[in-house]
Amino acid sequence: MEQIKCIGVLTSGGDAPGMNAAIRAVTRTAIYHGFTVKGIRRGYKGLITGDIVGMESQSVSNIIQLGGTILKSARCKEFCTPEGRKLAYENMQAAGIDALVVIGGDGSIKGAGEFASEYNIPVVALPGTIDNDLGGTDATIGYDSALNTIMEAVDKLRDTASSHERLFFVEVMGHTAGYLALNGAIASGAEAAIVPEMETEVDQLAELINNGFRKSKNSAIVLVAENPKTGGAIGLAERVKKEFPQYDARVTILGHLQRGGSPTSLDRILASRLGEAAIEAFMEGQRNVMIGVRNSQLVYVPFSKAIRHNKGINRTYLDLVKILSI
Ligand code: F6P
């Protein structure tokens, strides 16, 4: 701990509402405790190109309410190579950065782990992704905001679905994780959620239709997690056309809309708590951990556990969707 004077902060991978609130909390907590802070732009790419800026308390004024990330983000292939990480280390040294806060999802945390062990650098990660697919934490920064965006979109789709008595497949993000689809379905009162976690167990589409999911209804909305294996919502709609032609199916892909917008209060509070905890973790001598939140308590999660997407889907929630859609 005694050698840390300057802390670098970056956002990496898919952006998520609340990343700015996290940058703000990291910057201000660090300054409060007497550290110097540097912002690295465009994630790991900025480390490789030396795109590094000084951060003052005012640098993060008026950003808590903004979606996206003021530091910008990128998916950086070069950082996956030893040569890229060497360049990153050299630039980090040149900028006088002693420790790093990485805000991002599983790919970013995996990269952080490799970098930290190769160069013996103290790194703390914050879970920043709308997907909520990181182990060891109940929620990730951006997940709640994305859920709210999904809920509002489905509220609108329901108007047209019921007017035309159609079956709608609404595809949401999740990077092959079903949290957004499942909780989005509960929040919007959708008729069903189709999630990758159940894919090998059951033919979810056939089950849904054979169970007569529209018994008492003329329209239906099914939330589908993106899934390259099944083709997501488009793949399901194609199957309906062939196997269940009695249904008039439509597809809506919410796509990157889910990543934008002002963060909800839950995400702002989560990001603020995690950002403060990142700096305190360094002060306690912690390194190479992600800060998570379990049952409202902040916890340190080893990188290896964080990137293992093993939370599993809560099956009682799947039952809940079924029960409430009769
Ligand atoms: O942010 C995570 C995520 O939203 C995934 O759910 C999705 O698969 C991916 O990002 C899309 O990433 P990109 O913007 O790079 O296409």
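A polar contact is a pair of N or O atoms within 3.5 Å; within protein, one atom must be able to donate a hydrogen and the other to accept it, and residues adjacent in sequence count only if both atoms are side-chain atoms. The model is predicted, so that local features need pLDDT of at least 70 and side-chain atom pairs count only at pLDDT 80 or more, while totals for chains, interfaces and linings use all residues. Residues are numbered from 1 along each chain as its sequence is written, and side-chain values use heavy atoms, with hydrogens and water left out.

**Exercise 1. The ligand**

Task: List the residues around the ligand, and then describe how Glu226, His256 and Arg259 are placed relative to its oxygen atoms.

Solution: Begin with the surroundings, where a residue is near a molecule if one of its heavy atoms lies within 4 Å of it. The residues around the ligand are Gly14, Arg75, Asp131, Met173, Gly174, His175, Glu226, His256 and Arg259. Next, take the polar side-chain atoms: one in Glu226 lies 2.6 Å from a ligand oxygen atom, and one in His256 lies 2.8 Å from an oxygen atom of the ligand. Finally, the side chain of Arg259 has an N or O atom 2.8 Å from an oxygen atom of the ligand.

**Exercise 2. The sheet of seven strands**

Task: Work out the order of the open sheet of seven strands, find its edges, and follow the pairing from E4 to E11.

Solution: Two terms come first: helices (H or I, at least four residues) and strands (E, at least two) are DSSP runs numbered from the N terminus, and two strands pair if DSSP finds at least two bridges between them. The order is E3-E2-E1-E4-E5-E10-E11, with mixed pairing. Strand E3 (52-55) and strand E11 (297-302) are the edge strands, each pairing on one side only. From one strand to the next, the twist averages 30°, where axes are lines fitted to C-alpha atoms, for helices over the stretch in contact, and angles run from 0 to 180 degrees between N-to-C directions.

Now follow the neighbours: E4 (residues 99-104) and E5 (residues 123-127) run parallel and are joined by five bridges, with Ile103 opposite Leu126 in E5. E5 pairs with E10 over two bridges, again in the parallel sense, and Val124 has Val289 in E10 as its bridge partner. E10 and E11, in turn, run antiparallel and share six bridges, among them the one between Val293 and Leu298 in E11. These two strands form a hairpin with two residues between them, and Asn295 in the turn has a positive phi of about 45°.

**Exercise 3. The sheet of four strands and helix H8**

Task: Describe the open sheet of four strands, and then determine which residues of H8 are buried and what they pack against.

Solution: The strand order is E7-E8-E6-E9, and the pairing is parallel. E7 and E9 each have a single partner strand and stand at the edges, so one side of each lacks a neighbour in the sheet. The twist here averages 25° from one strand to the next. Five bridges join E6 to E9, and Phe168 stands opposite Arg250 in E9.

Turning to the helix, H8 (residues 232-243) lies across E6, E7, E8 and E9 at about 155° to E6. Buried means under 20% relative accessible area, exposed over 50%, and partly exposed in between (1.4 Å probe, protein chains only); in H8, Gly232, Ala233, Gly235, Leu236, Ala237 and Val240 are buried. These buried residues pack against strands E6, E7, E8 and E9 and also helix H7 (204-210), with contact meaning heavy atoms within 4.5 Å.

**Exercise 4. Positive phi in two loops**

Task: Locate Lys72 and Asn120, and decide whether each is buried, partly exposed or exposed.

Solution: Most residues other than glycine have a negative phi. Lys72, although not a glycine, has a positive phi of about 65° and is found in the loop between E3 and helix H3 (82-94). With a relative accessible area of 40%, Lys72 is partly exposed. Asn120 has a phi near 55°, which is also positive, and lies in the loop between helix H4 (106-119) and E5. Asn120 is exposed, with a relative accessible area of 59%.
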